[in-house]
Amino acid sequence: MDKLNNQIVIDRLQEQFGEQVRVVAEPHGLLTVATEAASILDVLAFVKDDAALRFNYLTDITAVHYPNEERDFCVVYHVHNLLQNLRLRIKVFISGPTPAIPSATPLWNGANWMERETYDFFGVVFEGHPDLRRILNMDELEVFPMRKEYPLEDPNRVDKKDFYFGR
């Protein structure tokens, strides 16, 4: 068996999905691809079960909020081939006041808590999740703290005024 590398991963994904999977970047050797929410479960199942790829370890699921973009949320999956020590990042850009994406729990039981954390902090709804509720924040919290919807600092703070610093 040849040593698995990013080009083999790209070729296998292109063979299977064609234009549904796009190569985004390869920072520091970490291949990053993007797909759509409708095909994420097919892509995850393929990279997990394909005999050549075998990305069978789900390392992390998280999200990023890009408030000035058309599709303002990015759900990010990190998977790892433990046999050949190769990692893959898969991004899915979604939008809306209540962004939604299919749950990866049918593929990995461990996705349960990762998706709950992502929901808790970003408000991303994982459709089909067996128990989607807050995991770290209070149930009464009505906001999602990692969204960039609020000013970074209170404009009324007086300890940041120039005259305190001799300016």
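1. A quick term before we start: a residue counts as partly exposed when its relative accessible area falls between the buried range, under 20%, and the exposed range, over 50%. Glu-36 is a handy example, since its relative accessible area of 31% makes it partly exposed. Keep in mind throughout that this is a predicted model.

2. Now for the company Glu-36 keeps. Its side chain meets that of Arg-71 in a salt bridge, at 2.8 Å from N to O. This pair links distant parts of the chain: Glu-36 sits in the loop between S2 and H2, while Arg-71 belongs to the loop between S3 and strand S4 (73–81), 35 residues apart. Arg-71 is partly exposed too, with a relative accessible area of 32%.

3. Next, have a look at helix H1, residues 6–17. Both Arg-12 and Glu-15 lie there, three residues apart, or about one turn of the helix. They form a salt bridge whose closest N and O atoms are 2.8 Å apart. Glu-15 counts as exposed at 59% relative accessibility, whereas Arg-12, at 21%, counts as partly exposed.

4. Which residue outside that pair does Arg-12 form a salt bridge with? The partner is Asp-50, with the closest N and O atoms 2.4 Å apart. Arg-12 is in helix H1 and Asp-50 in the loop between H2 and S3, so the contact ties together parts that are 38 residues apart in sequence. Asp-50 counts as buried, at 11% relative accessibility.

5. Put those contacts together and Arg-12, Glu-15 and Asp-50 join into one network through salt bridges that share partners. The total for the model comes to eight salt bridges.

6. On to the strands. S1 (residues 22–25) and S2 (residues 31–35) pair in the antiparallel sense, over three bridges. To find one of the contacts by eye, start from Val-23: its bridge partner in S2 is Val-33.

7. The hairpin of S1 and S2 has five residues between its strands, and His-28 takes a positive phi there, near 55°. That is a positive value in a residue other than glycine. Is His-28 buried or exposed? It is exposed, with a relative accessible area of 88%.

8. One more backbone spot to check is Arg-54. This residue is not a glycine, yet it has a positive phi of about 55°. You'll find Arg-54 in the loop between helix H2 (40–49) and strand S3 (57–65). At 35% relative accessibility, Arg-54 counts as partly exposed.

Note on methods:
Residues are numbered from 1 along each chain as its sequence is written. This is a predicted model: local features need pLDDT of at least 70, side-chain atom pairs count only at pLDDT 80 or more; totals for chains, interfaces and linings use all residues. Side-chain values use heavy atoms; hydrogens and water are left out. Two strands pair if DSSP finds at least two bridges between them. Helices (H or I, at least four residues) and strands (E, at least two) are DSSP runs, numbered from the N terminus. Buried means under 20% relative accessible area, exposed over 50%, partly exposed in between (1.4 Å probe, protein chains only). A salt bridge is a side-chain nitrogen of Lys or Arg within 4 Å of a carboxyl oxygen of Asp or Glu.
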